[in-house]
Structures are given as C-alpha cells and as structure tokens.
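Work through the exercises below with the sequence and the coordinates at hand. Each task is followed by a solution in steps.

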Amino acid sequence: SHQATLLSQLGGVMTSRLLDNDTKQLVDIGQSDQIALRSDFSITLASLSDDQFDTLIRVSKPIITAAWISETPYIAYADAHSIHILDSRSQTNYFDQVVATLAATIIDIEYSSDLDSIVISTSTETLLYPLTVDK
C-alpha cells in the first residue's frame, strides 16, 4: 500500500518492467516525476514522465535499505555494516561516500528532518547519525 500511495502522489504509472522482482524498495526523492528504485545491488533513478532509467550506483555488498535526505539531492543507503551518502545529481558522477561503519548489523535506516539525522536501527539498538548537509 505504501508503494501504491507513493505512485499516486507522483502521478505516474509504473510498468511491470519497473517493478520487477529485483526492486526491493521505492524511495521518494521529493521530485514530482522521479523515484529511486533500490534492489539488492543497485539504486536506479526512474523518470516517470519519459520512462528513463539511470543507475546511480552498483555495489558488491547487498543494500539493506535506503532513505532520501529531505530537501537535498542526497540518498542515504546502508549495507550490513555501513551507511553511505549518495549524490543523485548526474553532474557529480553520483558521488558515494561511506559516512559511518558499525560493528552491529544494520536492519533499517530512515531520515529524521526534525533531528536532521539518520536514524539507524540495529538488532540491539537505535542510533542517530547527525548530518551537516547544505540544503
């Protein structure tokens, strides 16, 4: 239902090609006609208005989850033990930086605009990673 709600808000129609078995998560990136698609080993930017797909990053470690950092072009994503910040603007060659590494296994991340932090959930605790992002 979250996926359907998000697609309705974007006003686009997703094709079966877009939502294939590889797509694990839709990430709202605050654009009226674009959405990020997370699979286990990549994040792809999908433009709904012109049916274009642009792979932002391919990785060798499985991506657990991803979250948009509100009012920025940045997407945070996590593998089992690292938090990355990915710039979704093509002119930056999709700059990807590891910003935190944990010993515990990451289960989920989300961005909290109230705290301006990434909230990291592990199997044993919840952590905050404060951001200093130019908005």
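**Exercise 1: a hairpin**

Task: In the hairpin of E9 and E10, which residue takes a positive phi?

Solution. The model is a predicted one. Four residues lie between the two strands of this hairpin, and Asp-116 has the positive phi, near 45°. Next, place the strands: E9 covers residues 106-112 and E10 covers residues 117-122. Their pairing is antiparallel and comprises six bridges. One bridge links Ile-106 to Thr-122 in E10.

**Exercise 2: an open sheet**

Task: In what order do the four strands of the open sheet lie, and which are the edge strands?

Solution. Start with the order, which is E1-E2-E3-E4, with antiparallel pairing. The edges are strand E1 (25-28) and strand E4 (52-58), each of which pairs on one side only. From one strand to the next, the twist averages 25°.

Then turn to strand E2 (residues 34-38) and strand E3 (residues 42-47): five bridges join this antiparallel pair. Within it, Arg-38 stands opposite Ile-43 in E3. As background, strands of a sheet pair through backbone hydrogen bonds.

**Exercise 3: confidence**

Task: Over which residues does pLDDT stay under 50?

Solution. Begin with the chain: its mean pLDDT is 81, and 78% of its residues reach 70 or more. Residues 1-6 form one stretch where pLDDT stays under 50, and the model gives this stretch four contacts beyond four places in sequence. Residues 8-17 also stay under 50, with 15 such contacts in the model.

How values were computed:
Residues are numbered from 1 along each chain as its sequence is written. This is a predicted model: local features need pLDDT of at least 70, side-chain atom pairs count only at pLDDT 80 or more; totals for chains, interfaces and linings use all residues. Side-chain values use heavy atoms; hydrogens and water are left out. Two strands pair if DSSP finds at least two bridges between them. Axes are lines fitted to C-alpha atoms, for helices over the stretch in contact, and angles run from 0 to 180 degrees between N-to-C directions. pLDDT is the predictor's confidence in each residue, from 0 to 100. Contact means heavy atoms within 4.5 Å.
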